[in-house]
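I opened this entry to keep a record of what I looked up. The notes are in the order in which I made them.

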Amino acid sequence: MSSLLASLSDNFVYASTAVIALAMLAHAAEWAFRRERRTSGQAEHAAAVSGEASGGTAATAGESASAESATGDGESGGGVAVLEREQETGGGGGVDRADLFARIGVALTILSTGLLGLGVLCRGFAAGRVPWSNLYEFSITGSFVIMVVYLVSLRKLRSNFLGLPLTGFVLVLLTIAISVLYVPVTGLIPALQSYWLAIHVSAACLATGIFTLGAVASALQIFKARYERRVASGARTPGGYLAQLPSAQAIDRVAYRLNAFAFPIWTFALIAGAVWAAAAWGRYWGWDPKETWMFITWVCYAAYLHARSTAGWRTKVSGIALVSYAALVFNLVGVNFFIAGLHSYAM
């Protein structure tokens, strides 16, 4: 029965990876059609204004007053009418297709999340324990958390702009988990046979998933802010993928809310880990590499939250958030691969 559940878990994870790849393609198509809509809408608006201007030039002297009146109405209301028609018809169908692919992307993400959840569940039943005792299990469970948090944030934070980069990130994470980190189902070493495994690691996994969304948003905020500065200075023509993102300020608010929500969860995981260390090794803190880097990550995110509320630092907080996430990734992966310690069993 255990081997059957383990096989089912693997198949669910494979299926989830394939579906999230399709979700990424759907989101890519969504952005492509939105760009097409914007380009065609701008061209239609320019042609309409040009046509009205040439019509006003060709008007006779006796009709000049009425022509000027018509031209004025066309420029004030005609351009709006063009944009309204563009929104209604999609600039030749672009907006309809963009919305369709957006819905398909979300639907596929929901399906992939469900399949991955089944994979995690079967892995836990096959092992007879919580399924996050090694890097492979932590990766698939973390990917599941990332997608659940993203789907929740769609309604709470209107974070649909994260769809393309986030599905791409999860696809890479699951691919690495399957091809590099995979290990067969095994039991637990004595140090892990504790209810603190469920408490400490689940909190760390949840915080990591939310921090991941915050990191993706912070990266987008940096690119968007640079794009806005270049457009404002005339160094770049508006357009492309970045033009379709919300403003840098709006993205920054999303990133802040995600990171601020995850920080107390990470704090709880840090404290729970210390309590577990006291139960397992007889001391609360021993500056083990994993403990040290978890604390460094906590300090980095504390600095981010402090900088976010400090005048003069708000333009730099996205960079601090990415440095904090880099410390988090090194804590989860780098310490296990490159630094020997009491937590080396997490491989």
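The entries below go from the overall fold to single residues.

**Overall make-up**

I noted at the start that this is a predicted model. I looked up the secondary structure and found 8 helices and 0 strands. Along the sequence the pattern reads α-α-α-α-α-α-α-α. The protein has 347 residues, and 45% of them are buried. I then checked the contacts with a separation of 6 or more: 79% of these join residues 24 or more positions apart. The exposed area is about 16,700 Å², with carbon and sulfur atoms supplying 67% of it.

**Confidence**

I looked up pLDDT before going into detail. The average for the protein is 82, and 80% of the residues score at least 70. Which helices mark the two ends of the confidence range? Helix H2 (residues 64-127) is lowest with a mean of 67, and helix H4 (residues 163-181) is highest at 95. Residues 40-50 stay under 50 in pLDDT, and the model gives them 7 contacts beyond four places in sequence. Residues 56-94 are also below 50, with 29 contacts beyond near neighbours in sequence. Where pLDDT is low, the predicted coordinates should not be read in detail. I left the contacts of these two stretches at the counts.

**Helix H8**

I went to H8, which spans residues 317-338. H8 bends by about 45 degrees at Phe-330. Its buried residues include Val-317, Ala-321, Ser-324, Tyr-325, Leu-328, Leu-332 and Val-335. What do the buried residues of H8 pack against? Their partners are H3, H4, helix H5 (196-233), helix H6 (248-281) and helix H7 (289-308). I also looked for nonpolar surface, and found a patch of about 380 Å² made by Val-329, Val-333, Phe-337 and Phe-338. Val-333 is in H8 and counts as partly exposed, because its relative accessibility is 34%.

**Helix H4**

I picked two residues here. Leu-174 lies in helix H4 and is buried, with a relative accessible area of 0%. Leaving out residues up to four places away in sequence, Leu-174 touches Ser-16, Thr-17, Ile-20, Leu-116, Ile-140 and Ser-143. I also took the C-alpha distance from Leu-174 to Tyr-136, which is 9.1 Å for a pair 38 residues apart along the chain. Val-172 is in H4 as well, but is partly exposed, with a relative accessible area of 48%. The C-alpha atoms of Val-172 and Ala-21 are 9.4 Å apart, with the two positions 151 residues apart in sequence.

**Glu-137**

Is Glu-137 buried or exposed? Glu-137 is buried, because its relative accessibility is 0% and the cut-off for buried is under 20%. Glu-137 belongs to helix H3 (residues 135-156). Leaving aside neighbours within four places in sequence, I found Glu-137 in contact with Arg-123, Arg-129, Val-130, Pro-131 and Trp-132.

**Salt bridges**

Side chains of opposite charge can pair when their charged atoms come close. I counted 6 salt bridges. One of them joins Arg-34 and Asp-99, at 3.1 Å from N to O. Arg-34 is in helix H1 (residues 2-58) and Asp-99 in helix H2, so this pair ties together parts 65 residues apart in sequence. Arg-34 is buried at 17% relative accessible area, while Asp-99 is partly exposed at 26%. Glu-30, Arg-34 and Asp-99 are linked in a network of salt bridges.

I then looked at Arg-308 and Asp-252, whose side chains meet in a salt bridge at 3.1 Å, N to O. Arg-308 lies in helix H7 and Asp-252 in helix H6, so the pair ties together parts 56 residues apart in sequence. Both Arg-308 and Asp-252 are buried.

Glu-291 forms a salt bridge with Arg-283, with the closest N and O atoms 2.9 Å apart. Glu-291 is buried at 8% relative accessible area, and Arg-283 is partly exposed at 21%.

**Positive phi**

Last, I looked up backbone angles. Arg-158 has a phi near 55 degrees, a positive value in a residue other than glycine. Arg-158 sits in the loop between H3 and H4 and is exposed, at 65% relative accessibility. Trp-287 also has a positive phi, near 55 degrees. Trp-287 is in the loop between H6 and H7 and counts as exposed, at 56% relative accessibility.

Notes. Residues are numbered from 1 along each chain as its sequence is written. Side-chain values use heavy atoms; hydrogens and water are left out. Patches are made of residues with over 30% relative accessible area and no salt bridge: like charges are joined within 9 Å, nonpolar side chains (Val, Leu, Ile, Met, Phe, Trp, Tyr) within 5 Å. Accessible areas come from the Shrake-Rupley method with a 1.4 Å probe; for residues, only the protein chains shown count as cover. A salt bridge is a side-chain nitrogen of Lys or Arg within 4 Å of a carboxyl oxygen of Asp or Glu. Helices (H or I, at least four residues) and strands (E, at least two) are DSSP runs, numbered from the N terminus. Buried means under 20% relative accessible area, exposed over 50%, partly exposed in between (1.4 Å probe, protein chains only). Contact means heavy atoms within 4.5 Å. pLDDT is the predictor's confidence in each residue, from 0 to 100. The bend at a residue is the angle between axes fitted to the seven residues ending there and the seven starting there.
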